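Visitor: I'm new here and keep hearing charged side chains mentioned. Could you walk me through them?

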Amino acid sequence: MELKLPALRLPWMSRADRRTWRAARTVTDLGELMARWLEGDIKSRPGYQAHWGPDPETGPLVPTLAALCRAGYITTGSQPGLTGLGANGGWWEQHAWADLVVTDRALLDRLVATVTDGGMLVRVHDHHRGVPAASAEPPVVATTCDGEPRMEVGARTRAIDMPRLWPGLHRDLHEEITHGWYVSVVAPTAGSGGDRLLWDLLDEVSSGREPDEPDWWTYEPEPGECRLCGAPIHHPGPHCGPACQAADQDDPSPEPRTAVS
């Protein structure tokens with residue numbers, strides 16, 4: 001019987017992948033490459049273990065994350081919302097969250113407005129040169145086990161760590177992406193409820209569409225009264241039906257008449 005050994009994962013990025021990432025010049029280029037890495041088309045990405053793709057739990061989130069990357073929001077980390085017993089026998093609660101890098105102010109404003117209006121917890125850190133590292137809101141506890149915090153998101157990245165996040169990019173793109181806004185969006189509740197809400201909101205952000213407006217034509221109009229008999233009507237026009245309309249044409253009166261019982 002032939003034994004099939006597992007594929008060897010080298011601890012460094014392939015030359016082809018290094019050339020691919022080095023060739024990116026714009027945030028749009030970078031977003032496309034990140035989307036392709038999420039979808040499995042590229043084996044390695046900067047700042048992540050070589051020859052590894054997203055974690056298995058990220059699989060259902062890939063369409064949303066890839067769409068965000070292609071829309072100018074570069075995702076760098078995420079987690080689905082889950083609750084349940086872990087391998088250690090403890091009760092785990094995960095809040096859905098996503099980390100993103102944004103370099104366009106209009107895109108940032110759209111993201112923050114949409115997720116804030118949707119009730120999400122948001123942390124924004126401005127890494128532009130010359131901007132002081134102002135005190136921000138504390139990070140958000142996103143994972144607990146038996147009620148004890150296990151992971152936080154939304155802390156400010158230290159300036160000394162910024163260059164390590166995107167090694168191998170072209171110098172100009174590296175400068176742009178490491179000096180943008182770093183945003184964390186966290187569902188306020190653990191489990192599937194917050195999970196669905198967060199990803200629906202992020203789908204709205206990446207689509208570029210405005211929030212849905214109500215379709216006023218689907219609502220019943222306020223009831224009026226037939227000008228001839230006084231019966232309530234829920235449609236345009238002064239008459240409840242053809243009979244009153246015909247009778248009113250024979251004797252048009254400016255005042256509605258009272259029906260005779």
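Guide: Happy to. Keep in mind that this is a predicted model. The structure holds eight salt bridges in total.

Visitor: What makes Glu137 and Arg123 a salt bridge?

Guide: Their closest N and O atoms are 3.7 Å apart. The cut-off is within 4 Å, so the pair qualifies. Glu137 sits in the loop between β4 (121–126) and β5 (140–145), while Arg123 belongs to strand β4, so the bridge ties together parts that are 14 residues apart in sequence.

Visitor: Why is Arg123 called buried?

Guide: Its relative accessible area is 14%. Buried means under 20%, so Arg123 fits the term.

Visitor: How do you know that Glu175 and Arg129 form a salt bridge?

Guide: Here the closest N and O atoms are 2.7 Å apart, and the limit of 4 Å is therefore met. This pair links distant parts of the chain: Glu175 is in helix α5 (residues 171–177) and Arg129 in the loop between β4 and β5, 46 residues apart.

Visitor: Why is Glu175 called partly exposed, and Arg129 exposed?

Guide: Glu175 has 34% relative accessibility, which falls between 20% and 50%, so "partly exposed" is the right term. Arg129 comes to 60%; exposed means over 50%, so that label holds too.

Visitor: What about Asp161 and Arg164: which of them is buried and which exposed?

Guide: They form a salt bridge, with the closest N and O atoms 3.1 Å apart. Asp161, at 18%, is buried, whereas Arg164, at 55%, is exposed. Elsewhere, salt bridges with shared partners join Glu32, Glu39 and Arg70 into one network.

Methods
Residues numbered from 1 in each chain as written. Predicted model: local features only at pLDDT ≥ 70, side-chain atom pairs only at ≥ 80, totals over all residues. Heavy atoms only, no water. Salt bridge = Lys/Arg side-chain N within 4 Å of Asp/Glu carboxyl O. Helix = DSSP H or I, 4+ residues; strand = E, 2+ residues; numbered from the N terminus. Buried < 20%, exposed > 50% of the residue type's maximum accessible area, 1.4 Å probe, protein only.
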